[in-house]
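Colleague: I'm new to this one. Could you walk me through it and tell me how each label was earned?

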Amino acid sequence: RDEALAYWTLPSHDVFVAEADGQVLGTYYLQPNQMGGGAGVANCGYMTAAEATGRGVARAMCSHSLDHARKRGFRA
């Protein structure tokens, strides 16, 4: 758990949480795909809670990540 949280919250990651009524339903991070020539490509990791199934949480996080990536200047 500690190692996973440490990775998920690396300083190079922008981390977001989806919640409803105080309950965490999902999370994602956004980072550059790689340094150098790949820095203009966004890379994300997503997780949703089992109870989020069918509630549109993953779709909302994906949409948010695309918007955030554009605002950060990612081109792909």
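Modeller: Happy to; we will take the labels one at a time, bearing in mind that this is a predicted model.

Colleague: What does the record say about residues 1-76?

Modeller: The unreviewed UniProt entry annotates residues 1-76 as "domain: N-acetyltransferase". Over that range the chain is 29% helix and 32% strand.

Colleague: How do you know that C44 is in no disulfide?

Modeller: A disulfide needs two cysteine sulfur atoms within 2.5 Å. The nearest cysteine sulfur to that of C44 belongs to C62, 7.7 Å away, so the two are too far apart for a bond. A search of the whole structure finds zero disulfides.

Colleague: Is C44 called buried or partly exposed, and why?

Modeller: Buried means under 20% relative accessible area, and exposed means over 50%. C44 has 25%, so C44 is partly exposed. C62, with 35%, is partly exposed as well.

Colleague: Why is T27 called buried?

Modeller: The relative accessible area of T27 is 12%, which is under 20%, so T27 counts as buried. T27 lies in strand β2 (residues 23-32), and its contacts beyond four places in sequence include V15, F16, V17 and M61.

Colleague: What makes the pairing of T27 with W8 a polar contact?

Modeller: The cut-off for a pair of N or O atoms is 3.5 Å. The side chains of T27 and W8 make their contact at 3.1 Å, so the distance lies within that limit.

Colleague: What makes Y7 and Y29 an edge-to-face pair?

Modeller: Ring centres must lie within 6.5 Å, and planes over 60 degrees apart count as edge-to-face. For Y7 and Y29 the centres are 5.8 Å apart and the planes are at 90°, so both conditions are met. This pair links helix α1 (residues 2-8) with strand β2, across 22 residues. Y7 is partly exposed at 39%, whereas Y29 is buried at 7%.

Colleague: And why is the pair of F16 and Y28 called stacked?

Modeller: Their planes are at 25°, under the 30 degrees required, and their centres are 5.0 Å apart, so the pair is stacked. F16 lies in strand β1 (residues 14-20) and Y28 in strand β2. Y28 is buried, with a relative accessible area of 1%.

Colleague: Which residues make up the largest nonpolar core?

Modeller: There are nine residues in that core, among them Y28, L25, V57 and M61. Strand β2 and helix α2 (57-71) each supply at least two of them. In soluble globular proteins, nonpolar side chains tend to be buried together.

Notes. Residues are numbered from 1 along each chain as its sequence is written. This is a predicted model: local features need pLDDT of at least 70, side-chain atom pairs count only at pLDDT 80 or more; totals for chains, interfaces and linings use all residues. Side-chain values use heavy atoms; hydrogens and water are left out. UniProt positions are given in the numbering used here, feature names are shortened, and annotations may be inferred rather than shown by experiment. Helices (H or I, at least four residues) and strands (E, at least two) are DSSP runs, numbered from the N terminus. Buried means under 20% relative accessible area, exposed over 50%, partly exposed in between (1.4 Å probe, protein chains only). A polar contact is a pair of N or O atoms within 3.5 Å; within protein, one must be able to donate a hydrogen and the other to accept it, and residues adjacent in sequence count only if both atoms are side-chain atoms. Contact means heavy atoms within 4.5 Å. A nonpolar core is a set of buried Ala, Val, Leu, Ile, Met, Phe, Trp, Tyr and Cys residues joined through side-chain atoms within 4.5 Å. Rings of Phe, Tyr and Trp (its six-membered ring) pair if their centres lie within 6.5 Å; planes under 30 degrees apart count as stacked, over 60 as edge-to-face and the rest as tilted.
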